[in-house]
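This report describes selected features of the structure shown below. It takes up charged pairs, nonpolar cores, cysteines and one helix in turn.

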Amino acid sequence: MKRYPVTLTVLIASIIIMGAGLFLFLRNFSRHHKVAAEISGITSENRELRKANLEHLARLQPYTDTGKKIPVNDLVVIQSRATNQLENDRRLANLEKINQQYTRINQLGVGLLVCAVLFLVGFNILQYNRRYKLSKLQQQDQQTMQLLRETIREKSQVQEDLIREKDRLNFVLEGTNAATWEWNIQSGQLTYNETWATLIGYTLDEIKPINQGTLARFAHPDDLEETTKKLNECLRDHSQFYESTYRMKHKNGHWVWILDRGKVVKSTNIGEPLLMFGTHVDITHLKETNEELTRFASVASHEMREPLRMISSFMRLLDKNYSEQLDKKARQYIHYAVDGADRMGAMIQELLAFAHAGAVQGGAREWIDCNELLQEITIFLNGHLEEQQADLQIGFLPTIQARKTPLKLVFQNLISNALKYQPPGNRPTIEIEGSDEQTHWQFSVKDNGIGIAAENREVVFQLFKRLHTKHEYSGSGMGLATCKRIIEQHGGKIWIDSGIDKGTILTFTICKTA
């Protein structure tokens with residue numbers, strides 16, 4: 001069956017309805033008009049007949065009043081008029097019925113015409129709305145398609161950029177011979193590259209199956225617990241970076257020191273890590289070199305301090321036993337020699353401390369109550385505190401995870417500096433505060449000393465850098481450099497807020513996941 005468009009079908013139906021209505025209206029219009037004219041004529045005739053009878057009866061009134069007999073001709077005329085009037089009434093009733101039928105037919109035709117017109121108007125309104133909505137949808141589709149094309153183009157560009165970056169990364173990894181790992185935290189899938197296996201003398205095929213237990217098979221038992229703890233802390237605290245140093249057993253039987261660094265490269269909307277990527281670096285040679293340097297520094301410092309002690313002791317004996325035989329110039333030379341030997345001994349001691357500070361980077365962390373640690377330091381520095389009548393105020397400090405000996409050295413150096421760098425005759429006031437932040441612990445040491453100019457706030461952390469002569473304030477310029485090195489090994493930062501003659505606030509942080 002042939003199908004026609006909706007619009008054409010509606011138009012044809014409307015024309016048929018309009019034609020039917022118009023046909024009915026025109027067909028009955030003349031008949032209706034003729035019947036209406038006939039009704040009007042009969043009504044007029046009846047009116048005339050009634051009027052004539054009334055006038056005739058009025059003329060016969062004297063007969064009825066006097067009791068005379070009405071003439072027969074008059075009665076016949078009145079009877080005839082009444083009969084005609086009754087006949088007209090019957091005809092009028094029939095014509096009224098016919099007129100009502102014609103009226104209904106005309107109303108039906110007009111109704112059909114009106115319905116057809118309203119139907120066409122309504123259909124056109126619907127068609128207009130449909131075309132309007134269709135136009136809007138087409139515009140939206142065009143915008144969507146444009147946006148889709150732009151998105152596809154941007155996605156293609158991003159994919160091309162990712163491919164280039166991946167190729168560049170692969171070139172870097174191949175060029176540097178870096179060992180890499182990738183860990184899907186949700187699925188537990190762990191992937192190593194061939195270089196990773198080469199670090200410990202294997203191939204990837206030899207260490208299969210590769211899973212989360214692979215590292216435990218080769219890591220030193222003494223290091224594995226600390227490494228696992230650092231990794232769990234990284235995941236628990238939603239930290240992006242992870243770093244650990246541990247030993248892995250080589251295929252030949254010896255231990256290889258590994259620096260393991262990782263970064264969370266993909267997370268959920270709430271920060272839960274999904275994917276980590278990292279590298280392994282063989283630092284065995286660096287470890288051995290550092291250990292040799294530390295041993296050398298210890299031996300050298302001992303060997304150097306012994307001759308210095310002899311020089312200082314004999315010069316003091318010379319001053320004590322022969323001072324009366326020496327002139328003022330000779331005693332001054334002796335003083336210079338003793339002072340130089342003492343300063344050289346102090347410098348060697350601080351160099352040794354600096355060397356040890358660099359050697360503790362891979363040491364294990366432990367939980368430290370900083371309140372107890374400061375009590376130990378207070379007892380150690382009690383002589384200096386009492387001598388200067390210093391007011392040491394220690395706030396409530398947090399319990400942190402760090403390396404105790406280096407941290408103790410940091411606080412000792414900072415408190416000693418606060419006692420040392422004071423104006424003449426000034427009573428030192430030292431305030432120590434600490435807080436537990438989200439990703440780190442933060443400490444501050446505030447004093448009322450001579451302060452540090454803004455342009456020197458970075459300079460003072462350089463090795464052997466002094467802002468004052470040895471005659472003004474003693475020291476070797478290594479204390480803050482040592483502190484900075486220790487704090488950086490704990491993943492923290494150290495900085496100064498100060499001004500000339502306004503005291504110093506020295507603040508440092510200890511990272512929770514370093």
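## Salt bridges

Glu376, Lys404 and Lys408 are joined in a network of salt bridges in this predicted model. Within that network, the side chains of Lys404 and Glu376 meet with an N to O distance of 3.6 Å. This contact ties together distant parts of the chain, since Lys404 lies in helix H11 and Glu376 in helix H9, 28 residues apart. Lys404 has a relative accessibility of 32% and therefore counts as partly exposed. Glu376 falls in the partly exposed class as well, with a relative accessible area of 33%.

The total comes to seven salt bridges. Another of them pairs Glu243 with Arg261, whose closest N and O atoms are 3.2 Å apart. Here too distant parts of the chain are linked: Glu243 belongs to strand S3 (residues 241-249) and Arg261 to strand S4 (residues 255-267), with their positions 18 residues apart. Glu243 is partly exposed at a relative accessible area of 32%, and Arg261 is partly exposed at 44%. A further salt bridge is formed by Lys208 and Asp205, with the closest N and O atoms 3.3 Å apart. Both Lys208 and Asp205 are exposed.

## Nonpolar cores

In soluble globular proteins, nonpolar side chains tend to be buried together. The largest nonpolar core in this model comprises 35 residues, and Leu407, Phe411, Phe443 and Phe508 have the most contacts inside it. Two or more residues each are supplied by helices H9 (370-380), H11 (404-420) and H12 (479-489), and by strands S8 (399-402), S9 (429-436), S10 (440-447), S11 (494-498) and S12 (504-511). H11 provides the largest share, seven residues.

Phe411 illustrates how this core is assembled. Leaving aside residues up to four places away in sequence, Phe411 touches Leu373, Leu374, Ile377, Ile432, Phe443 and Phe508. A second core, separate from the one around Phe411, has 24 residues, among them Trp196, Tyr242, Val264 and Met276.

## Cysteines

The structure holds zero disulfides. Cys483 is buried, with a relative accessible area of 0%. Cys511 has a relative accessibility of 18%, so it also counts as buried, the cut-off being under 20%.

## Helix H6

Helix H6 (residues 221-236) has 16 residues, which at 1.5 Å a residue should span 22 Å; the end C-alpha atoms of H6 are 23 Å apart, in agreement with that expectation. The buried residues of H6 are Asp223, Glu226, Thr227, Lys230, Glu233, Cys234 and Leu235. An α-helix has 3.6 residues a turn, so residues three or four places apart point the same way.

The cover over the buried residues of H6 includes strands S1 (179-184), S3, S5 (273-282) and S8. S3 is also the strand that contains Glu243 of the salt bridge with Arg261, and S8 is one of the elements that give two or more residues to the largest core. After H6 comes His238, which has a positive phi, near 55°.

Note on methods: Residues numbered from 1 in each chain as written. Predicted model: local features only at pLDDT ≥ 70, side-chain atom pairs only at ≥ 80, totals over all residues. Heavy atoms only, no water. Core = buried A, V, L, I, M, F, W, Y, C linked by side-chain atoms within 4.5 Å. Buried < 20%, exposed > 50% of the residue type's maximum accessible area, 1.4 Å probe, protein only. Helix = DSSP H or I, 4+ residues; strand = E, 2+ residues; numbered from the N terminus. Contact = heavy atoms within 4.5 Å. Disulfide = S-S within 2.5 Å. Salt bridge = Lys/Arg side-chain N within 4 Å of Asp/Glu carboxyl O. Expected span 1.5 Å × (residues − 1).
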